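Student: I would like to work through how the labels attached to a model follow from its computed values. Could we take the structure below and reason step by step?

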Amino acid sequence: MQIATDDLRRIERLHVRAWPAFETADVNGWLWRYSGGGSQRANSVSTVDFVGGDPAAALDEVEARYRARHAPVRLHTYDLSAPDGIVDLLQARGYRGGETTLTMAKPVGAAEPPADVEVASVANVQWQEVYVGALSESRRIVNAKILGRVPQPCAFFSCRRDGQVISSGLCVADGDFAVIECMATRAEARRQGGAEAVLRSLEALAAARGIKTLALQAVADNAAAIPLYTRFGFATVATNRFWEK
């Protein structure tokens, strides 16, 4: 999928906005984020934008802010991170590359919403059980709290089978773009098509609301998720990486 540079930046900014940290600060255009717990996005610096003239000085401030919280120093980069050369600066400072994720996108097409997927404006208890249950212990408390801060307009999708929610998803929209978050399936319900049903319902809602492009981020070595998203029509448009000192 071909996507314009400005649109790719819009997608990355929307991913940042869709998962809001508890504390933030503008460091010359970079967004410093802190929330505690194990969420990497909510405890890292977004480098989509930079308006300063001295990235080394900005990095000094970033490091000082995390040290004041006794927290790991972590930055999040992608293909269009600003300024140019930020990865070289991080490596020169002793940062090591960590988890890599892929930003994937697809044009919204016609889709029929499955009858077994419910759509709500808030996350109900069973939705949270599925999503939070799929997380590592260090991420559960913080991520559950972040759910209450997700900006509108958003929608929570629950695939229900035999009275039980088996798969979850979240969509956050901005104009004709929307990003997908919180895709999860109960361990005992995998390979039953729950995630596919959520994606179909999500695309149907996006089409109804005039959204033109859907995007998501997935861990690059997730052997189950990447093929699913590819079959559904998503294509990689950017590579993201966490850097930690």
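Student: Which element makes the largest share of the lining of the second largest cavity?

Tutor: In this predicted model, the largest share comes from H6, which gives three residues. Strand S7 (154-161), strand S8 (164-174) and helix H6 (194-208) each supply at least two residues of that lining, and the cavity itself has a volume of about 60 Å³.

Student: What makes one residue of the lining of the second largest cavity count as charged?

Tutor: The lining includes Arg209, and Arg belongs to the charged class together with Asp, Glu and Lys. By class, the lining has nine nonpolar, no polar and one charged residues, with Pro153, Cys154 and Leu202 among the residues that line the cavity.

Student: How is the lining of the largest cavity divided by class?

Tutor: That lining divides into three nonpolar, seven polar and three charged residues, around a space of about 90 Å³. Of its 13 residues, the closest to the centre are Glu12, Val16, Ser46, Val48 and His76, and H1 gives the most, with three residues.

Student: Why are H4 and H5 called oblique to each other?

Tutor: Helix H4 (residues 125-133) and helix H5 (residues 137-147) pack at an angle of about 140 degrees. Angles over 145 degrees count as roughly antiparallel and 65 to 115 as roughly perpendicular, and the value of about 140 degrees falls in neither range, so H4 and H5 are oblique to each other.

Note on methods: Residues numbered from 1 in each chain as written. Predicted model: local features only at pLDDT ≥ 70, side-chain atom pairs only at ≥ 80, totals over all residues. Heavy atoms only, no water. Axes fitted to C-alpha atoms, helices over the stretch in contact; angles between N-to-C directions. Helix = DSSP H or I, 4+ residues; strand = E, 2+ residues; numbered from the N terminus. Parallel < 35°, antiparallel > 145°, perpendicular 65-115°, else oblique. 1 Å grid on protein atoms, 1.4 Å probe; cavity = no way out; pocket = protein on both sides within 12 Å on 5 of 7 lines; lining within 4 Å. Points joined across faces, edges and corners; volume = space filled by probe spheres on them.
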